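Colleague: I am new to this structure and should like to understand the terms used to describe it. Could we go through them in turn?

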Amino acid sequence: MLVVVYSLESGGRKVNENKLLTQKKNRFNPYTTFNKCRICKQTVHQMHSHYCQKTFFPLGICAMCGKQVLDTTNYRQTSV
């Protein structure tokens, strides 16, 4: 006999349920359209991000929020 137990502390989820697999909004769907980069208009390959890797890495900004996270003034960065 299988008994399903709901916990009020976890928001009504089942015991030992993998939350990453059961979330609807964060689940990967290959048929959805991805965002475009805000600077170069390339397709972004990470959900909830606004900048592509070609843009955020040389500028030292966060891919999701765009805040400066690294000072790249003394770095020698080339596009090879």
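Modeller: Let us begin with exposure: a residue is buried under 20% relative accessible area, exposed over 50%, and partly exposed in between. Please bear in mind that this is a predicted model.

Colleague: Why is Cys65 called partly exposed?

Modeller: Its relative accessibility is 47%. Partly exposed covers the range between under 20% and over 50%, so Cys65 counts as partly exposed. Cys40, with a relative accessible area of 29%, is likewise partly exposed.

Colleague: How many disulfides does a search of the whole structure find?

Modeller: The search finds 0 disulfides.

Colleague: Why is the sulfur of Cys65 too far for a bond with the closest cysteine sulfur?

Modeller: A disulfide requires two cysteine sulfur atoms within 2.5 Å. The closest cysteine sulfur to that of Cys65 belongs to Cys62 and lies 3.6 Å away, so it is too far for a bond.

Colleague: What keeps Cys40 from a bond with Cys52?

Modeller: The sulfur of Cys52 is the closest cysteine sulfur to that of Cys40, but at 3.4 Å it is too far for a bond.

Colleague: What makes the phi of Asn16 notable?

Modeller: Asn16 has a positive phi of about 60° although it is not a glycine. Asn16 sits in the segment before helix 1 (19-22). With a relative accessible area of 80%, Asn16 is exposed, because exposed means over 50%.

Colleague: Where is His48 found, and is it buried, partly exposed or exposed?

Modeller: His48 lies in the loop between helix 1 and helix 2 (53-59). Its relative accessible area is 49%, so His48 is partly exposed. His48 also has a positive phi, of about 65°, although it is not a glycine.

Conventions
Residues are numbered from 1 along each chain as its sequence is written. This is a predicted model: local features need pLDDT of at least 70, side-chain atom pairs count only at pLDDT 80 or more; totals for chains, interfaces and linings use all residues. Side-chain values use heavy atoms; hydrogens and water are left out. Buried means under 20% relative accessible area, exposed over 50%, partly exposed in between (1.4 Å probe, protein chains only). Helices (H or I, at least four residues) and strands (E, at least two) are DSSP runs, numbered from the N terminus.
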